[in-house]
Amino acid sequence: MLPLPLLAQTVAAEEKLDASRIDLAALIECRQALADFHYLAPALADPLQAVALGWRPLPQANLFMTEFRLNSPITVFGDSTDHIAFTGDSIIAILDLPDPRPLAKRLELETAIDTPAKAMFGKEVSSIEDRDEATGTVYIKSTVLNVSNVASHPGKTLVGCSYSLDLAEDPEPIPAADAIAP
């Protein structure tokens with residue numbers, strides 16, 4: 001499955017988003033599904049759709065993030081913000097919290113990195129196997145809650161959810177015809 005920025009490039013710009021179908025706080029808090037996350041792809045492909053949703057594109061302060069200012073703030077884990085971003089397969093809120101550690105502790109996240117300069121915490125919220133009936137391929141749909149800081153946004157805490165779809169395991173290669181014993 002493609003990360004949202006790449007998926008956005010493949011979605012038809014004519015598809016109009018229904019703002020009533022989008023719950024940004026639920027997406028950021030990992031309370032939605034992969035399909036809900038992918039529904040946002042047209043807003044990244046077409047800046048006019050983002051604006052129609054009440055999102056104002058921001059200059060790119062971080063090479064890996066596409067940022068927006070919201071016309072109406074949202075509340076995420078008890079903190080209000082009007083600043084969101086997309087990065088890879090994640091949607092994040094950028095909070096006015098100088099230290100991510102208290103939020104990570106409150107959310108009972110596991111520590112990945114914790115140095116004076118960088119802090120990163122997370123935990124898998126869900127992992128569901130899904131079989132494609134046509135091919136028999138098994139996929140894992142997972143959501144991972146993350147809290148971190150980043151040098152491009154000093155004094156801010158980033159909190160959000162990664163939505164991914166991965167193969168359950170590497171497919172076994174089909175043996176060559178001459179390797180099959182009669």
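In this predicted model, V159 makes a good starting point. Setting aside the neighbours within four places in sequence, V159 is in contact with I28, V76, F77, I91, I92, A93, L95, L103, L107, L145, N146 and V147. V159 also turns up in the largest nonpolar core, a group of 37 residues. Together with L24, W55, I84 and I91, V159 is among the residues that touch the most other members of this core. I91 thus appears twice here, as a contact of V159 and as one of those well-connected core residues. There is a second core too, separate from the big one and made up of 5 residues, including M65, I92, I94 and L158. I92 of this second core is itself on the contact list of V159.

Zooming out, the protein has 6 helices and 8 strands. Read from the N terminus, the order of elements is α-α-α-α-α-β-β-β-β-α-β-β-β-β, with five helices up front, then four strands, one more helix and four further strands. The chain has 182 residues, and 39% of them count as buried. As for contacts between residues at least 6 apart in sequence, 53% join residues at least 24 apart.

Next come the aromatic rings. The count comes to 4 aromatic pairs, and ring pairs tie W55, F68 and F86 together into a cluster. W55 therefore has a part in two groupings, being a member of the ring cluster and one of the residues with the most partners in the largest core. Elsewhere, the ring of Y39 has a charged companion: R21 lies over the ring face, at 3.6 Å from the ring centre.

R21 and Y39 show up again around an enclosed space. The model holds 1 cavity of 30 Å³ or more, and the largest cavity has a volume of about 40 Å³. Its lining is made up of R21, I22, D23, L27, Q32, D36 and Y39.

The largest pocket, an open space, takes up about 200 Å³. It is lined by 14 residues, of which T87, I92, N146, S148 and L158 are the closest to its centre. Two of these, I92 and L158, are also members of the second core, while I92 and N146 are both contacts of V159. Strands β4 (90-95), β7 (138-148) and β8 (157-167) each give two or more residues to the pocket lining. The largest share, 4 residues, comes from β8.

Terms used
Residues are numbered from 1 along each chain as its sequence is written. This is a predicted model: local features need pLDDT of at least 70, side-chain atom pairs count only at pLDDT 80 or more; totals for chains, interfaces and linings use all residues. Side-chain values use heavy atoms; hydrogens and water are left out. A nonpolar core is a set of buried Ala, Val, Leu, Ile, Met, Phe, Trp, Tyr and Cys residues joined through side-chain atoms within 4.5 Å. Buried means under 20% relative accessible area, exposed over 50%, partly exposed in between (1.4 Å probe, protein chains only). Contact means heavy atoms within 4.5 Å. Rings of Phe, Tyr and Trp (its six-membered ring) pair if their centres lie within 6.5 Å; planes under 30 degrees apart count as stacked, over 60 as edge-to-face and the rest as tilted. A charge sits over a ring if NZ of Lys or CZ of Arg is within 6 Å of the ring centre and within 35 degrees of the ring normal. On a 1 Å grid over the protein atoms alone, a cavity is a set of points where a 1.4 Å probe fits but cannot get out, and a pocket is an open set with protein on both sides within 12 Å along at least five of seven lines; lining residues have an atom within 4 Å of a point. Grid points are joined across faces, edges and corners, and a volume is the space filled by probe spheres set on the points.
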